[in-house]
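Trainee: I should like to learn how the features of a protein model are read. Could we go through one together, from the whole chain down to single residues?

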Amino acid sequence: MCECRVDYKSVKYMKSIAIVDYGMGNLMSVRRAFECVGCKTRLVTTGIEVRKADYLVLPGVGAFGDAMMELSKRDLVRPIKEYCKQNRPFLGICLGMQLMLDASEESENITGLGIIEGSVMRLTACTEADMTYKVPNIGWYRIKVQKSPTEIMNGIADEDRFYFVHSYGAYPVSSVSSVASLQYGSNSFSVVVRRGNCYGTQFHPEKSGKTGLKLIHNFVSL
C-alpha cells in the first residue's frame, strides 16, 4: 500500500507506464513510486513492447558500459532511440539518464543512446570550506532549477532536495538541455536533462519523498 499521502486526483485516468527491464535497475522501488501516483506499471523486455509504450522509463544502477551492452544484447537500443525520436514521454533515472548522452568516461569506446548530445564525467572528490565531498556522492542535496523550468518541474522549487547515489555527472553540450543542476564541491553538473518530452534525472525521484513523487506525477501528466 502506498504511504505517500499525496493527493493526485488530477490524474484523471490510470495511465500505463512501461519500465525497461534489462537487468540493471531498481525496478520494485520505481514501480511503487509510479503506482503511488495512480499509474499502472509493467516491465518490458522487448523492442516490440518498447515501441508500443505510451510512457517509457529507463532506470539503471551500475556501470555505463555494462548497461549499454545489456541493452544491445536484448536488441533494445534501436527501439529506445526510435521511441525518443518520436518525442514520446521518456524518463531516464540515474544511470538511465547517463545512458541518454553520447558517451561516458567510465566506459571508453562505448557509445550511449545519443538522445542528448554530451558526455558523462567522473566526479572529483575534494574538501572545500571544511566540507568533504566524497565520491560516490550519496545523500540528499539541493538542486538549482533553471529560470525557465519545463513541465516536469511544475511545483518543484529552486533548492528543493533530492536523493543521489552516483560517481559520475552529466555534461550536455547545450545549456538548453539542462533543466536543473547541482554544485557538489568543485563539481557542477546537470541533474535534470531534457530533449522535447524525453527527460532524465540523475537523482532517484522514487527515493526522494513527496518532491520526487511530484516530479513523477509531472512526467505522467505530459
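Trainee: How much surface does the protein chain expose, and what share of it do carbon and sulfur atoms supply?

Mentor: In this predicted model, the protein chain exposes about 10700 Å², and 48% of that area is supplied by carbon and sulfur atoms. As for burial, 50% of the 222 residues in the protein chain are buried.

Trainee: How many positive and negative side chains are there?

Mentor: The protein chain carries 27 positive and 22 negative side chains, and 7 Å separates the centres of the two sets.

Trainee: What is the secondary structure of the protein chain?

Mentor: It comprises six helices and 15 strands. The radius of gyration is 16 Å, close to the 17 Å that the globule rule gives for 222 residues, so the protein chain is as compact as a globular protein of that length. The C-alpha trace spans about 50 × 40 × 30 Å along its principal axes. Of the contacts between residues at least 6 apart in sequence, 70% join residues at least 24 apart.

Trainee: How should I read the side chains of a strand, and which way do those of strand S4 point?

Mentor: The general idea is that side chains in a regular strand alternate between the two faces of the sheet. In S4 (residues 90-93), Phe90 and Gly92 point one way, Leu91 and Ile93 point the other way, and all are buried.

Trainee: Which strands are joined to S4 by bridges?

Mentor: Strand S3 (residues 55-58) runs parallel to S4 and is joined to it by three bridges. Strand S15 (residues 198-201) also runs parallel to S4, with four bridges between them. Leu91 illustrates both pairings: its bridge partner in S3 is Val57, and in S15 it stands opposite Tyr199.

Trainee: Which residues of helix H4 are buried, and what covers them?

Mentor: The buried residues of H4 (residues 77-85) are Val77, Pro79, Ile80, Tyr83 and Cys84. Their cover includes helix H2 (47-52), S3, helix H3 (64-73), S4 and S15. Just after H4, Asn87 adopts a positive phi of about 60°.

Trainee: Is Ser181 buried or exposed?

Mentor: The cut-off for a buried residue is under 20% relative accessible area. Ser181 has 18%, so it is buried. Ser181 lies in strand S13 (residues 178-184).

Trainee: What does Ser181 touch beyond residues up to four places away in sequence?

Mentor: Ser181 touches Ile143, Lys144, Phe189, Ser190 and Val191. Ser181 and Val192 are 11 residues apart in sequence, and their C-alpha atoms are 6.7 Å apart in space.

Key. Residues are numbered from 1 along each chain as its sequence is written. This is a predicted model: local features need pLDDT of at least 70, side-chain atom pairs count only at pLDDT 80 or more; totals for chains, interfaces and linings use all residues. Side-chain values use heavy atoms; hydrogens and water are left out. Buried means under 20% relative accessible area, exposed over 50%, partly exposed in between (1.4 Å probe, protein chains only). Helices (H or I, at least four residues) and strands (E, at least two) are DSSP runs, numbered from the N terminus. Two strands pair if DSSP finds at least two bridges between them. The radius of gyration is taken over C-alpha atoms; the globule rule is 2.2 Å times the number of residues to the power 0.38. Contact means heavy atoms within 4.5 Å. Accessible areas come from the Shrake-Rupley method with a 1.4 Å probe; for residues, only the protein chains shown count as cover. Lys and Arg count as positive and Asp and Glu as negative; His and the chain ends are not counted. The place of a charge is taken as NZ of Lys, CZ of Arg, CG of Asp or CD of Glu.
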